[in-house]
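Work through the exercises below with the sequence and the structure open beside you. Try each task yourself before you read the solution that follows it.

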Amino acid sequence: MPVDYAHPEEDRFFNFALELVKKAGRLVRDAFDQPSSNVQTKASNTDLVTETDQAVEAMLIKGLAAEFPEHKFIGEESVAGGQKIEYTNAPTWIIDPIDGTTNFVHRIPMVAICVGLAIKKELRAGIVYNPITNELFTAQVGRGAFKNGFPIKSSQTEVISKAVICASLGIHNMVTFGERWLEIALGNHKCQVLAGVRGHRSFGSAAINMAYVAQGCVDAYAEYGIHAWDIAAAAVIVKEAGGVVIDPLGSELNVMGRKVLCAGTRKLADELSGMLTHVDFEPEG
């Protein structure tokens, strides 16, 4: 069945971005192999940025803007530097140069370059690349999801008692909610344990958590307080792998809504949604 593309040059957009991400991967890998990074803090001591984050984002935006001057950009480091988020109908690249910066700083090899493409405010393509482990996840709407060129599928697990779930304590939310956040996060963790979950994992990167849901080795993932650049690329990959990506409350995902729930099946997503204590955020953009 033919796919109703949002733009006639969508394949060219994706293929150009993919080659650019691969080049950026070499920069990340070379920096990772060095003994240390120049680290700065942003909003808190857990919100880190390195010169590599900034260099990768600059490289990606410069390359894409030169090829597609009419396109728009939402980048983590650009926003941190004061740029306003403007989410319009124009082709928009949503970029996290290194998702998992704390991992990068501590030389834990779970990091990802994330590039998502939205057209008319619809997520159309996603690239999540971990150059340290050589895992390249890609997807375009209607084309399926792939890891290193091979098709991937989400799991068919439908109940918590047979699931492995990615769950972070999300300590960045302490800045907004204080100790109340810790009570919520630990309470959510407890509910899943009492429901018989097989185990919890947290890889320190929202994009990797979601990519692992896409490839079926993890069954579900929920997170609060994240940003569009953490999830835009991976959301396309999960959906194209047959999984579900929604707002934790069960409604349609708002990529600017600062929260996400994804699972291999809708039934598992609904069960997880029903046992979570939810928190709300002001949408971005």
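**Exercise 1: The largest nonpolar core**

In this predicted model, the largest nonpolar core has 44 residues, and the members that touch the most other members are Ile-94, Leu-123, Val-128 and Met-210. Find out which strands and helices each supply at least two residues of this core, and explain where the core lies with respect to domain 1 and domain 2.

*Solution.* Begin with the elements: at least two core residues come from each of the strands S5 (112–119), S6 (122–130), S7 (135–140) and S14 (259–263), and likewise from each of the helices H7 (206–214) and H8 (228–240). Next, look at the shares, where H8 gives the largest one with 10 residues. Finally, turn to the domains: because domain 1 (9–151) and domain 2 (160–274) both give residues to this core, the core lies between them.

**Exercise 2: The surroundings of Ile-94 and a separate core**

List the residues that Ile-94 touches, leaving out those up to four places away in sequence, and then name some residues of another core that lies apart from the largest one.

*Solution.* Going along the chain, Ile-94 touches Ile-74 and Tyr-87, then Cys-114, Val-115, Gly-116, Ala-118 and Leu-123, and after these Ala-228, Trp-229 and Ala-232. The other core, which lies apart from the largest one, has 30 residues, including Phe-32, Phe-68, Phe-73 and Val-111.

**Exercise 3: Salt bridges**

The structure holds 11 salt bridges. Describe the ones that Arg-124 forms with Glu-10 and with Glu-122, and then the one between Arg-12 and Glu-67, stating for each residue whether it is buried or partly exposed.

*Solution.* As a starting point, recall that side chains of opposite charge can pair when their charged atoms come close.

1. In the salt bridge between Arg-124 and Glu-10, the closest N and O atoms are 3.0 Å apart. Since Arg-124 lies in strand S6 and Glu-10 in helix H1 (residues 10–32), this pair ties together parts that are 114 residues apart in sequence. Both Arg-124 and Glu-10 are buried.

2. Arg-124 also forms a salt bridge with Glu-122, and here the closest N and O atoms are 2.9 Å apart. Arg-124 has a relative accessible area of 2% and is therefore buried, while Glu-122, at 37% relative accessibility, counts as partly exposed.

3. Arg-12 and Glu-67 form a salt bridge whose closest N and O atoms are 3.0 Å apart. Arg-12 belongs to helix H1 and Glu-67 to helix H2 (residues 51–67), so that the pair links distant parts of the chain, 55 residues apart. Arg-12 is partly exposed because its relative accessible area is 37%, and Glu-67 is partly exposed with a value of 35%. A network of salt bridges links Glu-9, Arg-12 and Glu-67.

**Exercise 4: Two buried residues**

Locate Ala-163 and Thr-52, decide why each of them counts as buried, and list what each one touches beyond four places in sequence.

*Solution.* Ala-163 lies in the loop between strand S9 (150–151) and strand S10 (164–167), and it counts as buried because its relative accessibility is 0%, where the cut-off is under 20%. Ala-163 touches Thr-157, Val-197, Arg-198, Gly-199, Asp-219 and Leu-268, with residues up to four places away in sequence not counted. From C-alpha to C-alpha, Ala-163 and Cys-114 are 26 Å apart in space, and they are 49 residues apart in sequence.

Thr-52 has its place in helix H2, and its relative accessibility of 8% is why Thr-52 counts as buried. With residues up to four places away again left out, Thr-52 touches Leu-27, Val-28, Ala-31, Ile-98 and Phe-104.

Definitions and conventions
Residues numbered from 1 in each chain as written. Predicted model: local features only at pLDDT ≥ 70, side-chain atom pairs only at ≥ 80, totals over all residues. Heavy atoms only, no water. Core = buried A, V, L, I, M, F, W, Y, C linked by side-chain atoms within 4.5 Å. Buried < 20%, exposed > 50% of the residue type's maximum accessible area, 1.4 Å probe, protein only. Helix = DSSP H or I, 4+ residues; strand = E, 2+ residues; numbered from the N terminus. Domains from an automatic or database assignment. Contact = heavy atoms within 4.5 Å. Salt bridge = Lys/Arg side-chain N within 4 Å of Asp/Glu carboxyl O.
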